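Me: Could you take a close look at one part of this model for me? Please pick the spot flagged in the database record, then work outwards from there.

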Amino acid sequence: MFNRQDSKQTILIVDDEPANLRVLKKMLEEQYRLIFAKSGEEALRLVQRELPNLILLDVMMPGMTGFEVCEQLKTDMLSKAVPVIFVTALSDEVDETKGFEVGAVDYITKPVSPAIVKARVRTHLSLVQADDLRRTRLQVIQRLGRASEYKDNETGMHIMRMSHYSKIIALAYGLSDFAADNLLHAAPMHDIGKIGIPDSIMLKPGKLTDEEFTIMKTHPEIGAEILGESDSDLIALAKMVSLTHHEKFDGSGYPKGLKGKEIPIEGRIVAIADVFDALTSKRPYKEAWTVEQAMAFIESQSGIHFDPDLVVLMQQCLPSILYIKQRWQD
């Protein structure tokens, strides 16, 4: 089992020439924990035991070449995310294109320059840290989204479906792939504020009283308070979606009574995706509507509850939405 208890990041250096290992060791040993391998086969064994943060890999070695080692690393779920930088002599005939095709992130040429080695290593380790941070934030968001399900009659499949509906509509609207993916991951947080609503209201099988509904309408702001201020784009988006998914296009929604394009596009998208799935799903207090009934209602609310442009896109995207609905049934 690999061990990362050392506070320093671990770099695996692979080279069949001891002199090259010594040179790289001298350059990097102060800042990083170093482990060494003199062959491709030894490197693969070490990776399974140690799982380094980054690998400096010689290309031309007897036995397994660096290309073959990298290719094998990238087929293993354990090591596929570890960045590999090839280190090669200027005299070697190396196909750089092949190196990138098998999964390397960079090349360094021998004789190595200390400044270049340190800069490339620092850059790629920073990218790994950024990816790890984003994954961690995403996992926190997903777990908080699951927490909100325990306070609701809705199911986890509802969260899954409406999030994917939101991505489909976002792409159709013209948002970038990155922005649509962010919305996919932020949408599960739209009702996180329901954690702060009393069970007597959340789990009530019948219609809420006016007083109970007034309390229920505080959940968007509770959600925003839970998510708080953050420099994470995902958490900031989740907060905004929480605050705005109950606003209505004609200004009659809550909590702020925003109107039209005052409502962020992500909030408008989540609103229509959420309502469609709620209408077409069975709940303890209602039977599922047919798709035709749900779409007729959504069309009747064009310009009232929903952005008219999104109603049109919802109609156009319906085959993709129904595929998602079928795939993630309750």
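**The annotated aspartate and its surroundings**

Reply: The unreviewed UniProt entry puts the annotation "modified residue: 4-aspartylphosphate" on Asp58. Bear in mind that the model is predicted, so everything below is computed from that prediction.

Let's place the residue. Asp58 belongs to strand S3, which covers residues 54-58. The side of the question you may care about is access: Asp58 counts as buried because its relative accessible area is 2%, under the 20% cut-off. If you skip the neighbours within four places in sequence, Asp58 is in contact with Val14, Asp15, Asp16, Gly66, Val87 and Lys110. So the contact list of this aspartate includes two other aspartates, Asp15 and Asp16, along with a lysine, Lys110.

Lys110 is worth following. The peptide bond from Lys110 to Pro111 is cis, with omega near -5°. In general, most peptide bonds are trans. Pro111 itself sits in the loop between S5 and helix H5, residues 114-149. In other words, one of the contacts of Asp58 is Lys110, and Lys110 is also a partner in that cis bond. A cis bond also turns up between Tyr254 and Pro255, where omega is about 10°; that Pro255 is in the loop between helices H11 (233-244) and H12 (265-279).

Now go back along the chain to the stretch leading into S3. Leu51 is in the loop between helix H2 (40-50) and S3. Its phi is near 45°, a positive value in a residue other than glycine. Most residues other than glycine have a negative phi. Leu51 is buried too, at a relative accessible area of 9%.

Strand S4, residues 84-89, gives another view of the surroundings, through Phe86. Phe86 is buried, with a relative accessible area of 0%. Beyond its sequence neighbours within four places, its contacts are Leu57, Val59, Gly66, Phe67, Cys70, Gly99, Val102, Ala104, Asp106, Tyr107 and Ile108. Gly66 touches both Asp58 and Phe86, while Leu57 and Val59, on either side of Asp58 in sequence, are also on the Phe86 list. By contrast, Phe86 and Arg49 are 37 residues apart in sequence, and their C-alpha atoms are 21 Å apart in space.

Then there's Val105, in the loop between helix H4 (96-101) and strand S5 (106-110). Val105 is partly exposed, with a relative accessible area of 34%. Leaving out neighbours within four places, Val105 is in contact with Pro83, Val84, Ile85, Phe100 and His124. The C-alpha atoms of Val105 and Val82 are 9.8 Å apart, with their positions 23 residues apart in the chain.

Finally, some context from the whole chain. There are 15 helices and 5 strands, and 45% of the 330 residues count as buried. Contacts with a separation of 6 or more come to 61% from residues 24 or more positions apart. The radius of gyration is 26 Å, against near 20 Å for a compact globule of 330 residues. Along the principal axes, the C-alpha atoms fill a box of roughly 80 × 40 × 35 Å. On charge, the mean positions of the 39 positive and 48 negative charges are 3 Å apart.

Key:
Residues are numbered from 1 along each chain as its sequence is written. This is a predicted model: local features need pLDDT of at least 70, side-chain atom pairs count only at pLDDT 80 or more; totals for chains, interfaces and linings use all residues. Side-chain values use heavy atoms; hydrogens and water are left out. UniProt positions are given in the numbering used here, feature names are shortened, and annotations may be inferred rather than shown by experiment. Helices (H or I, at least four residues) and strands (E, at least two) are DSSP runs, numbered from the N terminus. Buried means under 20% relative accessible area, exposed over 50%, partly exposed in between (1.4 Å probe, protein chains only). Contact means heavy atoms within 4.5 Å. The radius of gyration is taken over C-alpha atoms; the globule rule is 2.2 Å times the number of residues to the power 0.38. Lys and Arg count as positive and Asp and Glu as negative; His and the chain ends are not counted. The place of a charge is taken as NZ of Lys, CZ of Arg, CG of Asp or CD of Glu.
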